Amino acid sequence: MTEKRRSRGRKWLLALAIFILAAGIAAAFYLRPYGPDRTAVEAMRSGGDVTVTDSKDVTVYEAAEPKEPGVIFYPGGLVKPESYAPLARELARRGHRTVVVKMPLNLAVLGGGRASAVLEARPGESFVIGGHSLGGVMAARYAAEHPEGLRGVFFLASYADDKGSLRDKGLPVLSVIGSEDGVLNRDSFEKNKKNLPEDTKFLTLPGGNHGQFGSYGPQKGDHAALISPEEQTRRTAEAITDWMTGIREKGKN
């Protein structure tokens, strides 16, 4: 090989290295997740009437005597799972074991099937599944493929797309949005109502926004909430637990 060719080869390698470095920097910037705020960090600690068990794949929040159904929760896209600790803790305090699933690169689209491991680890227990934003979309897709293993599906600022259609799956569905949500695509939300059963329960939280379904601070594109994060967490947990109570009572009949 001539010196000219070797020089040209080195230039190509240098160019490739620069491209890979730039791509890595861009990915790190654009895929940077929203992290838990102080309230969420505090809620991750066991204490009072809730025990928190954190592992590689999930974080489990539970009271001393949990009642069914339990909750499998998929986080929103690029939101760290710890950011949902206040909501998960409140659901557990109300009696429902809540399992927050950790996703590859904090993207549920890369780990949509991870609920299976939760169900396999707790045979004989009943669960609903749900999620926030992208997490809700992927939770619906999982439920559409495994309806027999679940008691219901809930959405927080989310919807079921065509791949996750629940219209004929025989599962109760709850959909909760905030009146001030600036992130949820309302056109997609309305269009995809066709993928939900006719008896879906729709609820709008007055004053709630997108980001306050979690606890990770302001989200780009969102509108300011007119209620506190604590109030939105309380109302959301209340809506989910009331809905689950209805599921449990219906199962007794």
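Two residues are in contact here when heavy atoms of theirs lie within 4.5 Å of each other. Keep that in mind as we walk through this structure, which is a predicted model.

Let's start at Thr 59, a residue of strand S2, which spans residues 58–62. Leaving aside residues up to four places away in sequence, Thr 59 touches Met 44, Val 52, Thr 53, Asp 54, Thr 98, Val 99, Val 100 and Lys 102. Is Thr 59 buried or exposed? Its relative accessibility is 3%, so Thr 59 counts as buried, because buried means under 20%. One of its neighbours deserves a second look: the side chains of Thr 59 and Asp 54 are joined by a polar contact of 2.6 Å.

Now let's turn to the aromatic rings. A pair of such rings is described by how far apart the centres are and by the angle of the planes. How many aromatic pairs does the model have? The count comes to five. In one aromatic pair, Phe 189 and Phe 202 meet edge-to-face, with 6.4 Å from centre to centre and 85° between the planes. This pair links distant parts of the chain, 13 residues apart: Phe 189 belongs to helix H6 (residues 186–191) and Phe 202 to strand S8 (residues 201–205).

The two partners can also be described by their accessibility. Phe 189 is buried, at 6% relative accessibility, whereas Phe 202 is partly exposed, with a relative accessible area of 39%. Phe 202 has another partner too: the charged end of Lys 193 sits over its ring, 4.8 Å from the centre.

Finally, look for a cluster in which ring pairs link Phe 73, Tyr 84, Phe 154 and Trp 243.

Definitions and conventions
Residues numbered from 1 in each chain as written. Predicted model: local features only at pLDDT ≥ 70, side-chain atom pairs only at ≥ 80, totals over all residues. Heavy atoms only, no water. Phe/Tyr/Trp six-rings, centres within 6.5 Å; stacked < 30°, edge-to-face > 60°. Helix = DSSP H or I, 4+ residues; strand = E, 2+ residues; numbered from the N terminus. Buried < 20%, exposed > 50% of the residue type's maximum accessible area, 1.4 Å probe, protein only. Lys NZ or Arg CZ within 6 Å of the ring centre and 35° of its normal. Polar contact = N/O pair within 3.5 Å; in protein donor to acceptor, adjacent residues only side chain to side chain.
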